[in-house]
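Here are a few short exercises to work through with the coordinates open beside you. Try each task before you read its solution.

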Amino acid sequence: MDHFPYLFGGFSVVWIGLFLYLWSLDRRSRRAEKDLEELRRRFGDG
Amino acid sequence: MRPLGSALARALPWIVAPAMIAALYLIFIAVPTERTQGIVQRIFYVHVPSAWAAFAGFLAVAVASGCFLATGRAVYDRVARACAEVGMVFCTLVLITGPIWARPIWGAWWTWDPRLTMTILLWTIYAAYLLLRAFGGPEESVARYAAVLGIVGALDIPLIRVSVRLWRGIHPAVISAPANEGGLADPTMRLTLFFTAACFALLAAWLISVRLRMIRVEDEIEALYMQRLAAREVG
């Protein structure tokens, strides 16, 4: 069990990295959808 | 095709989540501990599938880029952009988990072994690709330059594959090496590796589909701006 911190570190990096990327995708996706709706509304009105 | 494609994309997270839980069961409970490396060898079960997902992503960039250069259709360019970003995520995980495994086994976080050097070169090429897409502007010429870069970058992948034998590096050949040289001795080890690789492939496909949908929205925003700008100039 000497190498347990390395095993824990390796798996933590993978799961935290993947969750962070998923979170960033979700955040950017919501912002892009919101921007598109706002532009459609504004340009449609103009 | 589109409804089938989007139905598949919607189903993917519901397939990936239980599959990942099954993969974790295999990695931490079912698979025996490797005799010479000990528990740290289990990092291989995420390191190697991440590498395969990254390579598949970058190969998809090259294929989509080739199709874009041949046909000029924007859909191929969008696919290439989505695959490049997801490929970079997995390639970054490879470059982080590799040194975490190497420290207790080799006694060093990093060595300039041919396979490691080639992998960092691959990461740099696709980082340049993504920077070009992010800051190069919306012109088609930028997309074409990026497509060439995407194809050239993928030429590094077969070199990474053969580098272990060609230049006799110290990186183990996990699949083909004998058990005492870092290979997989137990059939459960192989099953775990291939099952986790399938899970990572599905995860990558899902991430690409999400990123692709986002790129479509971003392109629509860009088109709306351009349309508005053109209308103003005419007016």
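## The interface between the chains

In this predicted model, 34 residues of chain B are in contact with 25 residues of chain A.

**Exercise 1.** Describe the interface of chain B and chain A: find the area buried between them, the count of salt bridges and the helices that supply the side of chain B.

*Solution.*
- Start with the area. About 2900 Å² is buried between chain B and chain A, and carbon and sulfur atoms give 84% of that area.
- Next, look for charged pairs. The count between the two chains is two salt bridges. One of them joins the side chains of Arg40(A) and Glu220(B), at 2.2 Å from N to O.
- Then turn to polar contacts. The rule finds three residue pairs across the interface, with both residues at pLDDT 80 or more.
- Now assign the side of chain B that touches chain A to helices. H1 (2-30), H3 and H7 (187-234) of chain B each supply at least two residues. The largest share, 13 residues, comes from H7(B).

## The fold of chain B

**Exercise 2.** Work out how many helices and strands chain B has, and what part of its residues is buried.

*Solution.*
- Count the elements: chain B has seven helices and zero strands. Along the sequence, the pattern reads α-α-α-α-α-α-α.
- Set the box along the principal axes. The C-alpha atoms of chain B fill roughly 75 × 40 × 25 Å.
- Check burial: of the 235 residues in chain B, 47% are buried.
- Finish with contact range. Take the contacts in chain B with a separation of 6 or more; residues 24 or more positions apart account for 75% of them.

## Aromatic rings

**Exercise 3.** Classify the ring pair Phe44(B) and Trp101(B), then do the same for Tyr126(B) and Tyr129(B).

*Solution.*
- For orientation, the structure holds ten aromatic pairs over all chains.
- Take the pair Phe44(B) and Trp101(B). The ring centres are 5.1 Å apart and the planes stand at 40°, so this pair is tilted. Phe44(B) belongs to helix H2 (residues 44-71) and Trp101(B) to helix H3 (residues 74-106), so the pair links distant parts of chain B, 57 residues apart. Both Phe44(B) and Trp101(B) are buried.
- Move on to Tyr126(B) and Tyr129(B). With centres 6.2 Å apart and planes at 50°, this pair is tilted. Both residues lie in helix H4 (residues 114-135) of chain B, three residues apart, or about one turn of the helix. Tyr126(B) and Tyr129(B) are also both buried.
- Finally, follow the ring pairs outward: they link Phe44(B), Trp101(B) and Trp106(B) into a cluster.

**Exercise 4.** Which rings have Arg27(A) and Arg144(B) over them?

*Solution.*
- In chain A, Arg27(A) lies over the face of Trp23(A), 5.1 Å from the ring centre.
- In chain B, the charged end of Arg144(B) sits over the ring of Phe68(B), at 5.6 Å from its centre.

## One arginine in chain A

**Exercise 5.** Is Arg42(A) buried, exposed or partly exposed, and how many Å apart are Arg42(A) and Gly9(A)?

*Solution.*
- Place the residue: Arg42(A) is found in helix H1 (residues 4-45) of chain A.
- Compare its relative accessible area with the cut-offs. Buried means under 20% and exposed means over 50%. Arg42(A) has 46%, so it is partly exposed.
- Last, take the C-alpha distance. Arg42(A) and Gly9(A) are 48 Å apart in space and 33 residues apart in sequence.

Key
Residues numbered from 1 in each chain as written. Chains lettered and ligands numbered in written order. Predicted model: local features only at pLDDT ≥ 70, side-chain atom pairs only at ≥ 80, totals over all residues. Heavy atoms only, no water. Phe/Tyr/Trp six-rings, centres within 6.5 Å; stacked < 30°, edge-to-face > 60°. Helix = DSSP H or I, 4+ residues; strand = E, 2+ residues; numbered from the N terminus. Buried < 20%, exposed > 50% of the residue type's maximum accessible area, 1.4 Å probe, protein only. Lys NZ or Arg CZ within 6 Å of the ring centre and 35° of its normal. Contact = heavy atoms within 4.5 Å. Buried area = accessible area lost by both parts, 1.4 Å probe. Salt bridge = Lys/Arg side-chain N within 4 Å of Asp/Glu carboxyl O. Polar contact = N/O pair within 3.5 Å; in protein donor to acceptor, adjacent residues only side chain to side chain.
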